[in-house]
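Dear colleague,

I am passing on the structure we spoke about, with the sequence alongside. Please have it open while you read the notes underneath.

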Amino acid sequence: VGSEMCIRDRYQRRVRGETCFNEEACDKLTGIILEIYLKMGSATDAILQAPKRIRSRRYAQLIVVGVPMKLHDHYFRKYYGAFEALSVNPIAQPNSVVFSHKGVSKGTTVNYLDRSLVSEGEDYPHFRGTVDFGKSLSLGDNPHSADRELALFPHLPFISFERTKQRSLRNDEIDRYHTDGLLDDRQMAHVRYVGNEEDGCANFLSNLTDLVVERKCDSQFCHRLAADEFRTFAFEAAENVRLATTAPSDTAPSKL
């Protein structure tokens, strides 16, 4: 579904027609989503305690693509009560809506895998506690919504590729109204802003790789990185790209 009728034939040619995302389409779509979550029940306990149940028709999130953010409130707000009753949180994104169980987010994965949260000698199945996040990064372009929980781990650097205009509007609101609940990445020491969405992410990863090769590798092999070195390189790469990038896509509509 989408704000325009976009039919892709077998050759992926795009045909535009009359508007098809309307009240009726939203009602049908929401009914299907509510039915799915009603049958699943709460997935929080399943994810944290019974991994086998996750693989049996249980989902951490459902994502509906092709729904512009500007249409979210108009079509979905009237169903918030029904979603609340099922402990489901609808999250608007630039061109999609994410339906997530309350208590389950992208941060749930970090908590599950984080070695520092597992007691010494404890044996956890299904990869729990197997990752050392000392040399890890989290990346996202919506730190105020869908990626918010990823951006809240002080020991895990978060690199933000949020659109410049979107971030500026939020920061203006924070400065003007002192709005509670909005994430202010300017006050978070482990967050670095790059912007420019996918292009910014690609440039950042390329720059980070170049820094590591230049400073830690010689003609024979690459030397092991310490955790503090990795964080330093990541922050330097983020600043390099932020300063060097003129972001043409920041003013354009976000892509799916």
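What follows is a short account of the overall make-up, the nonpolar cores and one pair of packed helices.

This is a predicted model, in which local features need pLDDT of at least 70 and side-chain atom pairs count only at pLDDT 80 or more, while totals for chains, interfaces and linings use all residues. Residues are numbered from 1 along each chain as its sequence is written, and side-chain values use heavy atoms, with hydrogens and water left out.

The protein chain has 9 helices and 8 strands (DSSP runs numbered from the N terminus, helices being H or I of at least four residues and strands E of at least two). Of its 256 residues, 39% count as buried (under 20% relative accessible area, with exposed meaning over 50% and partly exposed in between, for a 1.4 Å probe and protein chains only). Among contacts (heavy atoms within 4.5 Å) between residues at least 6 apart in sequence, 60% join residues at least 24 apart.

The largest nonpolar core (a set of buried Ala, Val, Leu, Ile, Met, Phe, Trp, Tyr and Cys residues joined through side-chain atoms within 4.5 Å) has 16 residues, of which Ile33, Tyr37, Val64, Phe76, Phe83 and Phe99 touch the most other members. Two or more residues each come from helix 1 (23-40), strand 3 (61-65), helix 4 (69-76) and strand 5 (96-101), and helix 1 gives the most, with 5 residues. Leaving aside neighbours within four places in sequence, Ile33 is in contact with Leu62, Val64, Phe83 and Phe99. A second, separate core of 14 residues includes Leu211, Phe233, Ala238 and Val241.

Helix 8 (residues 197-216) and helix 9 (residues 227-244) pack at an angle of about 130 degrees, with their axes 8 Å apart (axes are lines fitted to C-alpha atoms, for helices over the stretch in contact, and angles run from 0 to 180 degrees between N-to-C directions). The two helices, helix 8 and helix 9, are therefore oblique to each other (angles under 35 degrees count as roughly parallel, over 145 as roughly antiparallel, 65 to 115 as roughly perpendicular and the rest as oblique). Among the residues making this contact are Phe204, Leu211 and Lys216 of helix 8 and Glu229, Phe233 and Val241 of helix 9.

Lys216, which lies in helix 8, counts as buried because its relative accessibility is 13%. Not counting residues up to four places away in sequence, Lys216 touches Phe221, Cys222, His223, Arg224, Leu225, Glu229 and Phe233.

With best regards
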